[in-house]
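Work through the exercises below with the model open beside you. Each has a task and then a solution in steps.

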Amino acid sequence: MIYRVRHVTRYDYQTPVNLGAHLAHLRPRALPHQRVLRAGVHAAPAVSWRRDGSDHFGNDVTWLFLDVAHAAFQVIADAVVDVTFPAPPDPAATPPWETVAGDAWAAGGAAWQAAEFLFDSPRAPANGDAKAYAAASFPPGRPVLAALLDLNARIRRDFTFRSGVTTTSTPIAEVLRRREGVCQDFTHLMISVLRSFGLPARYVSGYIRTRPSHGKTQRLGADQSHAWVGAWLGPEHGWLDLDPTNGIVVQDEHVVLGWGRDFGDVTPLRGVILGGGEQVLSVEVELEEAEA
Amino acid sequence: MARDEMVDGKGGLRPQWRNLLGVLAGLGHGVLAERAKRLDRVMEEEGVASLLPGSPPDPWRFDPIPLPLSQWEFSKLEAGLTQRAQLLEAILADLYGPQRLLAEGALPAPLVYANPAFLRPCRRASGEAPNDLLQFYAADLMRAPDGNWHVLADRTGLADGLAHALQNRRRLGRVLPELFGSQLLCHIEPFVEICLDMIQRISPADSGDTGRSALLTPGHQDPAWYGHVLLARELSCALVEGGDLTVRDGGLFLKTLRGLQRIGVLLRGTDGGSVDPLELEPDGVGVAGLLAAARDHVRIVNNPGSGLAEAPALAAFLPELARRLLREDLALPSVPTEWLGHETAREKVMRNPNDWRLRPAFESALPPATLSAMAETNRRAMLDRVAAAPWRFAASAVLEPSVAPCLDGDKMVPRPVLVRMFLVRDRTGWRAMPGGLGCVLQDEVPAWPSAGQVLAKDVWVLAENPAAIEGPAANRTGTLAIRRTAGDMPSRVADNFFWLGRYLERLEAAARLLMIAIGRVSRPAPTPHEMAELEVLIDCLTQAGLLNAEAITGLGTAALGHALLKAAGSWGAIHAMLGRVSHMTGLLRDQVTGEMHAVTARGLREVEYALGRIDNRRDGQALDATAQAMSRVLAFSATLSGLAAENMVRGGGRLFLDLGRRVERAQAVADQIACTLEFPGVAQQPARIEHGLRLALELCDSSITYRSRYLAVLQPAPALDLLLADDGNPRGLAFQLVAMRALLSEIASGGDNALATAAAALQDEPQAMVRSISDAADQSVAALFLPARLRALRDAVAELSDRVSRRYFALLPTARTVGIDAPSRPLRGAA
């Protein structure tokens, strides 16, 4: 499936900003199942210094520096990607979750990089209540993918997708109490839980097609950035992406930007500005099917 | 049984102590204790502690008895520490590069991935091993009962304590010179040269001739600040805070009076995680974009990610890693350490818990905890925490550090000691400073105190062959490159000098005013004319913030006297002004000479003492004590001005100090003369202006000059000429304006001269005012029109001062993070 993505982020400042330094995770990373046909990041006003590179996780990163006074700052990310996620393995054929946890902890062989995603991170710390909520999905000996699918579906069922009730810094405990939030909250919640059970879990940042093509279900995600969970199924099956907001396994409706331990590692656009006063942020994402 | 550094347990002295002990014994009774007191006093005057009494004590104290090491022993330590530095560097290069140690299982993943000191933005995405991770390395060492040295903690920060070690050696040389006559000692100064050479060498080529080095400090509230001040001075680099810096076009720049100045090497006096709010901690003290700049155009020393090597748990793996990475055995062991993430290690430790001390696996600043010394409930809680996440903990073996003689009163007592040694990378490898910083332990847990007082010792390396004394460093480093020292002052420093000038002047003016007022209230029965003078003085005192006018109006001289005592006493307005002067002097500690600082410190203490004598005295005596205290303040201010004139290079700092004084005095003089010209009753009886003029002359300390020119005849034009228009009178108005113009044009030094031009424009007004008086038919009546003009001039000076601030000081405004953690903004989807 080929998608064209256009992601516009715009800051309007009350008073001019004299200096701005921004870090963008806005170019989709190339993956075996995701071919990047085109990816560009354009800023207005023109930046005084720019650098393109990649980060520790292998994501593509762009640094943008402005040193002329500006009242608004806009970044347009434009990309065309071809995604073909492989079908998930048969859940019954995956190893018991305890075995996966053991492999991850031993961190030997193929598991050494997965071990990075075992530990608390600033936005996905361990939480006793969250672990208790999830425990029903992890009876002893259950195949890991069966447990994951069960948890993924429960979060979809038990939590309400609602914009505006949480922010980028709402803690997991509060999301759990309110039983509502957005994709980012559900993703952090699920990551925290998986790590509590010793399973490596990462935060995947990207986009989802919300307008259904013929005969498909409408997906939640509000035409904005999207986030979901990457879970590790052991050395044989590797990583699999699950979208708890929609209760599905990621297949052909998602586009990956990059991943990290949590939102903080792959924030689409973050920056430090001097001056500016009050600011208004607007974000628009368009994702549509494209011809090859 | 702890090992004794001095005696060998068989009744003999160890050879390295022989000469030293001979000298100490020969000093005579009580001499050592007396010298120790002098050492304390020297430290006080050097301003390690804050200047005002009652502020917290200095974190450093020094024991006068050195700890000598033989050269043979030092060489062994240097070799061992060099190997450790190489090993840690190789480990860091791997972890911030290909991470083979993790892939091959040589190092457990949690030690890296769960460690907050592993800074992911410092890792090369390409997996290519970086080669610029360590330039400084330090280690805390202890000697075990068997005589072998062990490393307690590896340090990759900014050689914390190095400057103190250098300072202490010099102080000891001054206070106890006898000690140094007894033997040949390795010099530690050449080590500084090697550090300077390193900075020069690693400076990126493209930062060019103008590229400078700077030391980034979290600021004066940080406990390590004074160490940063000293080190910046030793290494001739600018001491800067995050707000002084900016990243432009991929380079790092310092905001100075002359504009942006390129920085090539940044010495990091902060945590690695706080240097760049864009990529690391959003609330860090550093500068946004620093890491991006550091990828090409700036060297940060040590690399922000290097803190990873300080993890206490790493010690458990060093012997194996040394064999793997260096193909050598680890020469200088750590205190035996186990990482509790391994089950076998856990079992080993739990089998004999009293043989171990528990410590966080990643946090080197926290001291280890001895299980056997804990109360049962704490012990249980601790063990539960370990059981819940054993990989967060390490255990180090209980090992008793050696003891060395320390001075206690007038006796020498053996106390446990640690030694910190410092290494720097030179052109060929690692070099250790032949000396170090000892630390006398206050309790049984061997760990460098992270808070509270450190009782430090000078560590000596005895020179056994004369070649060592010549300074091997100088030979090995070859010709030193020419250094360009910090000629251009950071704006923040200029700002501090300017305000020190203003506060000093304000203090002096306040003291002068109080003296004059007190002289009047202490007279038994004031005449109506004296009462009128008091009225004017109350106006002046109110303007100066020394009195609350409403509270005084209509009350007698007794109440006024009371209010004056309050303003002068311990918690009054004078005290507050003194506090501001002291604060500014503290902030400028890195900018003034030791002598100047010592005089300031002593002066401030004396004044403070004199102010304290005002309280709790009966009225008459208290007024007398106040007069004495105020004359102390005046003497203090005069001394400081004199010192500045004689001692300070006529560079940026001195100019701004002077400018601050002139700006302040010009405003005060204009204000006070305006008040005196409004002498009670002048509107009805213009001749009464004579009383006002007399008071004005007194306030401006110009009575004697007037009398020598005009004898006893007091007339408006000659008096006002002396006070307002005579630019030779340093207490008059014209003098300040002329000086302001000269200073501003010197500061601009050929550049944009607009401010000097603006100051020059102000100079004409006092002349015009005096002319309007002397040309008038009735001078007294004409003088009635001056107060308004004087106040307008005062406002013009204030405006000029604002322009100076905007032009030279306007610091970069506080940076803010956007895109993450904006709680006020509701999230739509995930922005």
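Helices here are DSSP runs of H or I with at least four residues, strands are DSSP runs of E with at least two, and both are numbered from the N terminus. The model is predicted.

**Exercise 1. A helix in chain B**

Decide whether helix α9 (residues 225–234) of chain B is largely enclosed or not, and say what its buried residues pack against.

Solution.
- Apply the cut-off: a residue is buried if 20 or more other C-beta atoms lie within 10 Å of its own.
- The residues of α9(B) that are buried are B:Tyr226, B:Gly227, B:His228, B:Val229, B:Leu230, B:Leu231 and B:Ala232.
- Seven of the 10 residues are therefore buried, so α9(B) is largely enclosed by the rest of the structure.
- The elements of chain B that these buried residues pack against are α6 (162–175), β4 (212–216) and β5 (238–240).
- Just after α9(B) comes B:Ser236, with a positive phi of about 45°.

**Exercise 2. Two helices that cross**

Describe how helix α2 (residues 31–46) and helix α20 (residues 594–612) of chain B are placed relative to each other.

Solution.
- Two packed helices are described by the angle between their axes and the distance between the axes.
- For α2(B) and α20(B), the axes come within 7 Å, and the crossing angle is roughly 100°.
- Angles of 65 to 115 degrees count as roughly perpendicular, so α2(B) is roughly perpendicular to α20(B).
- On the α2(B) side the residues are B:Glu44, B:Glu45 and B:Glu46; they meet B:Gly594, B:His597, B:Ala598, B:Ala601 and B:Arg602 of α20(B).
- Sorted by class, this contact has four charged, two polar and two nonpolar residues.

**Exercise 3. A sheet in each chain**

Give the strand order and the edge strands of the four-stranded open sheet in chain B and of the five-stranded open sheet in chain A.

Solution.
- In chain B the order is β10-β13-β11-β12, and the pairing is antiparallel.
- The edges are β10 (337–339) and β12 (369–370) of chain B, each paired on one side only.
- Two bridges link β11 (residues 356–360) of chain B to β12(B); B:Arg357 has B:Thr370 as its bridge partner.
- Helix α12 (residues 343–351) of chain B packs on this sheet, where α12 touches β10, β11 and β13 (393–397), and its direction makes about 130° with that of β10(B).
- In chain A the order is β11-β10-β9-β8-β12, again with antiparallel pairing.
- Its edges are β11 (248–249) and β12 (254–260) of chain A.
- Strand β10 (residues 239–243) of chain A is joined to β11(A) by two bridges, and A:Leu242 stands opposite A:Val249.

**Exercise 4. The contact between the chains**

Which element gives the most residues to the side of chain A that touches chain B?

Solution.
- The contact is made by 48 residues from chain A and 41 from chain B.
- Elements of chain A that give two or more residues include β1 (2–27), α5 (183–196) and β14 (279–289).
- The one that gives the most is β13(A), with seven residues.
- By class, this side of chain A has 21 nonpolar, 22 polar and five charged residues.

**Exercise 5. Confidence**

Find where in chain B the pLDDT is below 50.

Solution.
- Chain B has a mean pLDDT of 86.
- Helix α11 (residues 318–326) has the highest mean among the elements of chain B, 97, and helix α14 (residues 472–477) the lowest, 37.
- The pLDDT is below 50 over residues 468–487 of chain B and stays under 50 over residues 822–831.
- Where pLDDT is low, the predicted coordinates should not be read in detail.
- For the complex, the predictor gives an ipTM of 0.94 and a pTM of 0.83.

Key:
Residues numbered from 1 in each chain as written. Chains lettered and ligands numbered in written order. Predicted model: local features only at pLDDT ≥ 70, side-chain atom pairs only at ≥ 80, totals over all residues. Pairing = 2+ DSSP bridges. Contact = placed C-beta atoms within 7 Å. Axes fitted to C-alpha atoms, helices over the stretch in contact; angles between N-to-C directions. pLDDT = per-residue confidence, 0-100. Buried ≥ 20, exposed ≤ 12 C-beta atoms within 10 Å, placed from the backbone. Parallel < 35°, antiparallel > 145°, perpendicular 65-115°, else oblique. Nonpolar A, V, L, I, M, F, W, Y, C, P; charged D, E, K, R; others polar.
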